[in-house]
Amino acid sequence: MLKIPPHQVAGHQAGNGKLGPLVDESGRFYKPLQGDERGSNEVKFYESFSSNTKIPEHISKFFPIFYGTQLIEASDGSGLKSHLVLHDLVVGRVNPSIVDIKIGSRTWAPQSTEEYMQKCLKKDRETSSLPLGFRLSGIQIYGNKESGYWKPERTSIQNLSAEEVKLILKKFVSSNASTDSDSEPDCAFAATVYGGSTGILSQLLELKAWFEDQTMYHFYSCSILMMFEKELALEGQNPGAQIKLIDFAHVIEGRGVIDHNFLGGLCSLIKFLSEILTAPNEHTTEVSSKPDHQNFICSDNGVN
């Protein structure tokens, strides 16, 4: 049985008659193909990437498994529609904390139409993409069964300053992020989630090493998902810290040139996380002046 993904934090979302992704019980994620060239471009990328023998196994693990395309009933009730069939990246997770980060100071490919380029350029300038090389596209941070998730409106976290972005990334790995928004984040899980040989920073550095050499693809408007399980961290267990790359509708051929746009944004994100690990208790400006940052998405079991 198909249902709306319970942990999607960004992108087009199904529900209320809108077209969006669906998931099934077997751990597959169905993403509707956009009707223009973006849909065919994304299929083309997945077909190329999944069959490319030059992609090292330690890099391919950062990308969703591709199962092809399939006609299924669209979430908006419009009938059968072609969908990408991918591995559901959060299958098996109970109450995951997730942040979607769009990488690159420029989110439009060179061959984009003038209209699309201007649309993206406007948003890149109005958000943190241009000054920081990335922007937060969506986030949910699990608190506990009573508080549920801290899930601010997406627009409220996209145009933050460097200090405010760092605050959010600190909240992401803090035990008090959802219980007291006026408190300085304690970064209680920074060492186990961001740090260590299998932590998020180590994974990002592994990805960075590949991007410093690979010239096969240029990844415009792609995101990195960072996720972990807070409850496991509280119990002293492996929190399942993991990164995944998603959204490939604007990937183009690299033609022998390094993807400096993505690499630059990736390096910027690495710098932010490294600084949090080095000085987790350094005071950061509070963002509570934005009312959306007080909101929680709650349910009986903490899962929205």
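This report describes the domains, the salt bridges and one helix crossing in a predicted model of a protein chain.

## Two domains and the interface between them

The domain assignment divides the protein chain into domain 1, covering residues 1-89, and domain 2, covering residues 93-281. When the centres of domain 1 and domain 2 are taken over C-alpha atoms, they lie 20 Å apart.

At the interface, 27 residues of domain 1 make contact with 31 residues of domain 2. The area buried between domain 1 and domain 2 comes to about 2400 Å², and carbon and sulfur atoms carry 63% of that area. Charged groups also take part, since two salt bridges are counted between domain 1 and domain 2.

## Salt bridges

Side chains of opposite charge can pair when their charged atoms come close. Across the whole structure, the search finds nine salt bridges. One salt bridge joins Lys31 to Asp247, with a separation of 3.2 Å between the closest N and O atoms.

Another salt bridge is formed by the side chains of Lys61 and Glu206, where the distance from N to O is 3.6 Å. This pair links distant parts of the chain, as Lys61 sits in the loop between helix H2 (57-60) and strand E3 (66-73), whereas Glu206 belongs to helix H7 (residues 200-211), and the two are 145 residues apart.

## The crossing of helices H5 and H9

Which helix has an axis that comes within 10 Å of the axis of helix H5 (residues 162-171)? The partner is helix H9 (residues 260-278), and the two axes cross at roughly 65°. The crossing of H5 and H9 is right-handed.

On the H5 side, the contact is made by Ala162, Val165, Lys166, Leu169 and Lys170, while H9 contributes Leu269, Phe272, Leu273, Glu275 and Ile276. Sorted by character, the residues in the contact of H5 with H9 comprise seven that are nonpolar and three that are charged, with no polar residue among them.

Definitions and conventions:
Residues numbered from 1 in each chain as written. Predicted model: local features only at pLDDT ≥ 70, side-chain atom pairs only at ≥ 80, totals over all residues. Heavy atoms only, no water. Axes fitted to C-alpha atoms, helices over the stretch in contact; angles between N-to-C directions. Helix = DSSP H or I, 4+ residues; strand = E, 2+ residues; numbered from the N terminus. Left-handed = near helix turned anticlockwise from the far one by under 90°. Contact = heavy atoms within 4.5 Å. Nonpolar A, V, L, I, M, F, W, Y, C, P; charged D, E, K, R; others polar. Domains from an automatic or database assignment. Buried area = accessible area lost by both parts, 1.4 Å probe. Salt bridge = Lys/Arg side-chain N within 4 Å of Asp/Glu carboxyl O.
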